[in-house]
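Reader: Please take me through this structure one term at a time. I would like each label set against its rule.

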Amino acid sequence: MNIAWQTEGSLYKKSGMDLYGEAKYEFSAQVSMGVVSFIDSMEKSSVRADSSASRGKAEIALFDAVFIIPLTTDISKEDALIVAGKKLRVESIHQRWGLRGRPGHYEVGANVWV
């Protein structure tokens, strides 16, 4: 399948736990990827921020990213991706097929990781 790879990202694989029980990550590879969705925005919530009469609303930070990644990439849930200066955590992976049942690509969903 011919895909126009639009950007590259760094893939970090989970390599175990440290002394404090936190996950350790090691660099795995540079990955070519196509961007399906990369939404980084602030929106007003439907809930008021305070109980005063200001009628102010709280702001919610929204982020959602969906990428197309080659099948040759060894990627799994909870891996880390760094794309366009954002540190992301892989939340979902779906294998997609090309036409006539040929192998296609992975569709990877990720969220900001703080």
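**Labels and their rules**

Reader: Why is phenylalanine 38 called partly exposed?

Author: Its relative accessibility is 32%. Buried means under 20% relative accessible area, exposed means over 50%, and partly exposed is in between (1.4 Å probe, protein chains only). Phenylalanine 38 therefore counts as partly exposed.

Reader: What kind of model do these values come from?

Author: This is a predicted model, in which local features need pLDDT of at least 70 and side-chain atom pairs count only at pLDDT 80 or more, while totals for chains, interfaces and linings use all residues. Residues are numbered from 1 along each chain as its sequence is written, and side-chain values use heavy atoms, with hydrogens and water left out.

Reader: How many helices and strands does the protein chain have?

Author: The protein chain has zero helices and six strands. Both are DSSP runs numbered from the N terminus: helices are H or I with at least four residues, strands are E with at least two.

Reader: How many aromatic pairs are there, and by what rule?

Author: Rings of Phe, Tyr and Trp (its six-membered ring) pair if their centres lie within 6.5 Å; planes under 30 degrees apart count as stacked, over 60 as edge-to-face and the rest as tilted. By this rule the count is three.

Reader: What makes the pair of tyrosine 12 and phenylalanine 27 edge-to-face?

Author: The centres are 5.5 Å apart and the planes stand at 75°. The angle is over 60, so the pair is edge-to-face. Tyrosine 12 belongs to strand E1 (residues 7-17) and phenylalanine 27 to strand E2 (residues 23-48), 15 residues apart, so this pair links distant parts of the chain.

Reader: Why do both of these residues count as partly exposed?

Author: Tyrosine 12 has 26% relative accessibility, and phenylalanine 27 has 47%. Both values lie between the limits for buried and exposed, so both residues are partly exposed.

Reader: Why is the pair of phenylalanine 38 and phenylalanine 67 called tilted?

Author: Its centres are 6.2 Å apart, with 50° between the planes. That angle is neither under 30 nor over 60 degrees, so the pair is tilted. Phenylalanine 38 is in strand E2 and phenylalanine 67 in strand E3 (residues 57-70), 29 residues apart.

Reader: Is phenylalanine 67 buried or exposed?

Author: Phenylalanine 67 has a relative accessible area of 0%, which means that it is buried.

Reader: What makes a nonpolar core, and which residues have the most contacts inside the largest one?

Author: A nonpolar core is a set of buried Ala, Val, Leu, Ile, Met, Phe, Trp, Tyr and Cys residues joined through side-chain atoms within 4.5 Å. The largest has 15 residues, and those with the most contacts inside it are Met33, Phe67, Ile69, Ile75, Leu81 and Leu88. Two or more residues come from each of E2, E3, strand E4 (80-83), strand E5 (86-97) and strand E6 (103-112). E3 gives the most, with four residues.

Reader: Which residues is leucine 81 in contact with?

Author: Contact means heavy atoms within 4.5 Å. Leaving aside neighbours within four places in sequence, the partners of leucine 81 include Ser10, Met33, Phe67 and Val90.

Reader: Why is threonine 73 called buried?

Author: Threonine 73 has 14% relative accessibility, which is under 20%, so it counts as buried. It is found in the loop between E3 and E4. Beyond four places in sequence, it is in contact with Leu11, Val31 and Tyr106.

Reader: How do you know that E5 and E6 pair?

Author: Two strands pair if DSSP finds at least two bridges between them. Nine bridges join E5 to E6, so the rule is met, and the strands run antiparallel. The bridge partner of arginine 89 is asparagine 111 in E6. The two strands form a hairpin with five residues between them.

Reader: How do you know that the charge of lysine 87 sits over the ring of tryptophan 113?

Author: The rule asks that NZ of Lys or CZ of Arg be within 6 Å of the ring centre and within 35 degrees of the ring normal. The charged end of lysine 87 sits over the ring, 4.7 Å from its centre.

Reader: What makes alanine 84 exposed?

Author: Its relative accessible area is 66%, over the 50% limit, so alanine 84 is exposed. Alanine 84 lies in the loop between E4 and E5. Its phi is near 50°, a positive value in a residue other than glycine.
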